[in-house]
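Good morning, and thank you for joining this group meeting. Please have the sequence and the structure open as I speak.

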Amino acid sequence: MRRKCKHTQNYAKLQQKYIHQTLPLYQRSVSLTLGNESRLHEEDTGQHDHWSPIGDPEKRFKIYSAYFDPRLEVVESYLVPDGFLPFGSIRIFAILPYKIRKEDVFCNFRSDNVYAAIHRADEVEAVHEHWNMEFAASYVICKLAGNITKREARLPDEVALSYIAEPSMQEATSFVRIKYPKTDRLFRSAPSRSLAICVGPLHHDFSYALRVVEFFEYYIMNQAERFYVYNKSATPEVDTVLRHYQATGLVQVLDWHFDGYKFESELRYEGIFVALNDCLYRATVAGGFRYTAIVDFDELLFPAGDNETLLEYLQTKDRYDVHSFNFQGVFFYDIYSPDFSQVPSGSNNKYLYTQVRNVRTKNPLLHHNRSKYILKGRNVLEAGNHFVWKAVRDTHEYAVPENEGLLMHYRDGSLGYDFENVVLDNRIRQRFGEVLWRRVNKKCALIFPESGVCPLGVNYNKTSSIR
């Protein structure tokens, strides 16, 4: 019996080694077709994305989005039947119980609204930083495999999750569209776009309209091409700002309305870790971006080189084996006296954070301690709040030294981090100030033509960070 078991194990290892060596050849040879190819010619705006219940809503299982991933490293260890090979996978983002019975989760695929196939999930994982709460931001991975005797494989249009351990979920109910790369479906050429910015979720009637405009304009000056904002709850004024930028094509506003959880006791606040990872895949797969920044509206990544934009800095330091650039944080707290000496005369908007706050904590925090980062999406598997949790093998983080760049955190309220040890820092004011004032005032005049003023928000200097 032992000899037979050992023989079976050895065969399985040889089979997986064969699969690992054969996958690239198979993927290059198979033709992948989508049931509805016309969808690929449309710009994905996220307008169809929203939280949907899986089965009985009272059970609080939810699904949000799904993405095709052609990276073979993800699927090379998954078992496949004889005569089949995987050519990619579908990654589904959801909120699931932390202690879910993983073997009972299934992916249900369909094309053109016709039921196609059902497969047991190959991987069901809670995103890191779940703190062992009852519910967790989760991802489910199901491989896509093709018959090696055929030269064509059909890609599914939609996917739903089912869970055989729960009666109301044994049949697929809520299907979501699977997002595919618009071009270069297998990531064979360089990404077509450069820098995207992820923000969110906005919550508790986020009200700081002027801060939002300043944030967008700063990153646009640093060559950002797209912003993804997850909006759960914002004031009408902030919604007005978001709609203005959305109409220009610069911003995608994602519907993040959901409830039913006690945040920080049953689920990490506002489902943030679904948002971060959805944004990683949204920007990389659907958006075609090389770099994606993970930041809040009060956080600006600053390149320290002379007259260097953020994108130029990334392009200078980039290597094939880097998965992210991690920036140490310093704090421009509101407890320090503001300096209004450089406010242009006649300016309708007088409190730009980057222009009136010029006192900060002297010593940057260590990397991974409230740091923020820019990731290279094709090299990253799982994003965290302050650093990358999982990346493709043989890649590493680039820890940005202080003399090359910093995270400038314009936080309202003090976290206490060495707040008595301060230094004057006018670099953003000096480099971007004149143009930034002009751009912000022009935008506010367009968005709020009656006053030309973007609202600061209620108790604007007493807010807490978005996260």
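Before we come to the elements by name, one definition: helices here are DSSP runs of at least four residues and strands are DSSP runs of at least two, each numbered from the N terminus. In those terms, H3, strand S16 (299-303) and helix H7 (353-356) each supply at least two residues to the lining of the largest cavity. I should also say at once that we are looking at a predicted model.

Let me stay with that cavity for a moment. The structure holds seven cavities of 30 Å³ or more, and the largest of them contains about 70 Å³ of space. Its lining includes Arg211, Glu214 and Phe215, together with Phe297, Asp298, Glu299 and Leu300. Tyr353, Thr354 and Tyr410 also belong to the lining of this cavity. Which element supplies the largest share of that lining? It is H3, with three residues.

H3 leads us to the seven-stranded sheet. This sheet is open, its pairing is mixed, and its strands follow the order S14-S13-S12-S15-S20-S17-S23. Strand S14 (251-255) and strand S23 (396-400) stand at the edges with a single partner strand each, so one side of each has no neighbour in the sheet. On average, and ignoring direction, neighbouring strands in this sheet are turned by 20° against each other.

Two helices lie across one part of the sheet. Helix H3, residues 209-221, lies across strand S12 (193-202), strand S13 (226-231) and S14, and runs at about 155° to S13. Helix H4, residues 236-248, also lies across S12, S13 and S14, and runs at about 130° to S14.

How do the strands and helices connect in this part of the sheet? S12 and S13 run parallel and are joined by five bridges, with Ala196 opposite Arg226 in S13. Together with H3, these two strands make a right-handed β-α-β unit. S13 and S14 also run parallel, again with five bridges between them, and here Tyr230 has Leu254 in S14 as its bridge partner. S13, H4 and S14 make a right-handed β-α-β unit as well.

S13 therefore deserves a closer look, given that side chains in a regular strand alternate between the two faces of the sheet. Arg226, Tyr228 and Tyr230 point one way from S13, while Phe227, Val229 and Asn231 point the other way. Are these residues buried or exposed? All are buried, and S13 is accordingly described as mostly covered, with six of its six residues buried.

Elsewhere in this sheet, the pairing takes the other sense. Strand S17, residues 322-327, and strand S20, residues 372-376, pair in the antiparallel sense over four bridges. Phe327 stands opposite Lys372 in S20.

Strand S1, residues 31-34, offers another pattern of burial. Leu32 and Leu34 form its covered face, whereas Ser31 and Thr33 form an uncovered one. S1 pairs in the parallel sense with strand S9, residues 152-155, over four bridges, and the bridge partner of Ser31 in S9 is Glu152.

I turn now to a second open sheet. It has three strands in the order S16-S24-S18, with mixed pairing. S16 and strand S18 (329-331) are the edge strands, each pairing on one side only. From one strand to the next, the twist averages 30°. S16 and strand S24, residues 405-409, pair in the antiparallel sense over five bridges, and Pro303 has Gly405 in S24 as its bridge partner. Helix H8, residues 427-447, packs on this sheet and touches S16 and S24, its direction making about 90° with that of S16.

My last point concerns one residue, Gly305. Where does Gly305 lie? It is in the loop between S16 and helix H6 (310-317). With a relative accessible area of 22%, Gly305 is partly exposed, because the class of buried residues is reserved for values under 20%. Leaving aside neighbours within four places in sequence, Gly305 is in contact with Glu404 and Arg431. Gly305 and Leu365 are 60 residues apart in sequence, and 20 Å separates them in space, C-alpha to C-alpha.

To close, I return to H3: this helix lies across S12, S13 and S14, and the largest share of the lining of the largest cavity comes from H3. Thank you for your attention.

Conventions
Residues are numbered from 1 along each chain as its sequence is written. This is a predicted model: local features need pLDDT of at least 70, side-chain atom pairs count only at pLDDT 80 or more; totals for chains, interfaces and linings use all residues. Side-chain values use heavy atoms; hydrogens and water are left out. Two strands pair if DSSP finds at least two bridges between them. Axes are lines fitted to C-alpha atoms, for helices over the stretch in contact, and angles run from 0 to 180 degrees between N-to-C directions. Contact means heavy atoms within 4.5 Å. Buried means under 20% relative accessible area, exposed over 50%, partly exposed in between (1.4 Å probe, protein chains only). A crossover is right-handed if, with the strands pointing away from the viewer, the path from the first strand over the helix to the second runs clockwise. On a 1 Å grid over the protein atoms alone, a cavity is a set of points where a 1.4 Å probe fits but cannot get out, and a pocket is an open set with protein on both sides within 12 Å along at least five of seven lines; lining residues have an atom within 4 Å of a point. Grid points are joined across faces, edges and corners, and a volume is the space filled by probe spheres set on the points.
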